[in-house]
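Please open the structure in your viewer and keep the selection tool at hand. The stops below say what to select next and what is there.

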Amino acid sequence: MIRLEEITKKYTDDSKDTIALDGLSLEIAAGEMVAVLGTSGCGKSTLLNILGGMDRPDSGKYFFEDEEVSSYRAMGLHGFRKKNIGFVYQNFALLNRYTIYENMEIPLLARNQKNYRKKIMDCLEQLGIAEYANKFPQKLSGGQQQRCAIGRALMTDCRLMLCDEPTGAVDSKTTTEIMDILRKENKHGKTIVIATHDSNVASGCTRLLRMSDGRILN
C-alpha cells in the first residue's frame with residue numbers, strides 16, 4: 001500500500017535547519033497495524049504528516065498503491081486525504097463548539113453524504129459513547145473524547161488510519177480500551193500506523209518500527 005523512497009524533510013527556524021526525516025525509506029502493506037516508536041523530536045509526527053498528505057517531502061518519493069502522492073499539488077493532496085486518510089491526534093482535535101454528534105458529522109458533510117444519522121449512532125454505540133451524542137467535548141473525559149476522535153476518523157471510511165500519540169492524554173486503563181478499539185478496526189481491514197513513545201502501545205501492534213533522528217532503525 002505504502003512505499004517511501006529516500007524521503008527527506010527539514011524545517012527552518014531562526015535561520016537554523018532542523019532535519020526531521022533523513023533519507024527515510026519504508027514499505028507498509030495493506031492491513032498492517034504498525035507502531036512507529038521513538039522519543040519526542042525523532043520525526044514520528046513528520047512521518048505521519050507525509051503519509052497523510054498534510055505535508056510534502058523536500059526530496060524523495062511517496063507512493064500510495066503505486067500512485068506518486070509526493071508529486072500532487074494542493075488540490076491533489078486534498079482529494080487524496082479525503083478519499084483515503086483518517087487522522088487521530090493526541091489532543092483529540094475536536095471542535096468544542098459542536099456536540100459529539102456534530103463532530104462525527106463533519107467528515108460526512110464534507111463528502112456530501114446523506115441520511116447518515118444511523119451510521120453515526122451505530123458507530124457511537126460501538127465505541128460506547130452513544131449516550132453522550134448531544135454533549136459537548138469539554139463535558140467528556142479524555143478517554144471519551146478520544147473515542148469520539150476515533151469515530152470521526154472512521155466516518156471517512158478511510159483506508160489508512162494515522163494515529164499520532166493516540167493514548168498520550170489518557171490513563172493506562174483507557175489506553176488499553178483505545179488499543180482494543182484500534183485492533184478491532186485493524187481486524188476489519190483498516191491499515192493503521194501509530195506514532196508513539198509508549199512501548200506498551202507499540203507491543204500491541206503487529207509490527208514495530210523504531211525511529212531515531214529522522215531514520216527507521218530496523
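Begin by selecting Asn112, which in this predicted model sits just after helix α3 and takes a positive phi of about 60°. From there, step back into α3 itself, residues 100-110, where Ile100, Tyr101, Asn103, Met104, Glu105, Pro107 and Leu108 are buried. If you then add residues 117-127 and 142-154 to the selection, you will have α4 and α5, against which the buried residues of α3 pack.

Next, select residues 85-89, which form strand β6, a strand that is mostly covered, with four of its five residues buried. Strand β7, residues 160-164, runs parallel to β6 and is joined to it by five bridges; to find one facing pair, show Ile85 in β6 together with Leu160, which stands opposite in β7.

Keep Ile85 on display and add Arg81, Phe87, Pro107 and Thr156, since these five, among the 16 lining residues, lie nearest the centre of the largest pocket. That pocket holds about 480 Å³ of space, and its lining draws at least two residues from each of α2 (74-84), β6, α3 and α5, with β6 giving the largest share, four residues. Coloured by type, the lining divides into nine nonpolar, three polar and four charged residues.

Finally, turn to the second largest pocket, with about 210 Å³ of space, and select Gly41, Gly43, Lys44, Ser45 and Thr46, the closest to its centre of the 16 residues that line it. Here β2 (16-28) and α1 (44-51) are the elements that give two or more residues to the lining, which divides into five nonpolar, eight polar and three charged residues.

Note on methods. Residues are numbered from 1 along each chain as its sequence is written. This is a predicted model: local features need pLDDT of at least 70, side-chain atom pairs count only at pLDDT 80 or more; totals for chains, interfaces and linings use all residues. Side-chain values use heavy atoms; hydrogens and water are left out. Buried means under 20% relative accessible area, exposed over 50%, partly exposed in between (1.4 Å probe, protein chains only). Two strands pair if DSSP finds at least two bridges between them. Contact means heavy atoms within 4.5 Å. On a 1 Å grid over the protein atoms alone, a cavity is a set of points where a 1.4 Å probe fits but cannot get out, and a pocket is an open set with protein on both sides within 12 Å along at least five of seven lines; lining residues have an atom within 4 Å of a point. Grid points are joined across faces, edges and corners, and a volume is the space filled by probe spheres set on the points. Ala, Val, Leu, Ile, Met, Phe, Trp, Tyr, Cys and Pro count as nonpolar, Asp, Glu, Lys and Arg as charged, and the others, Gly among them, as polar.
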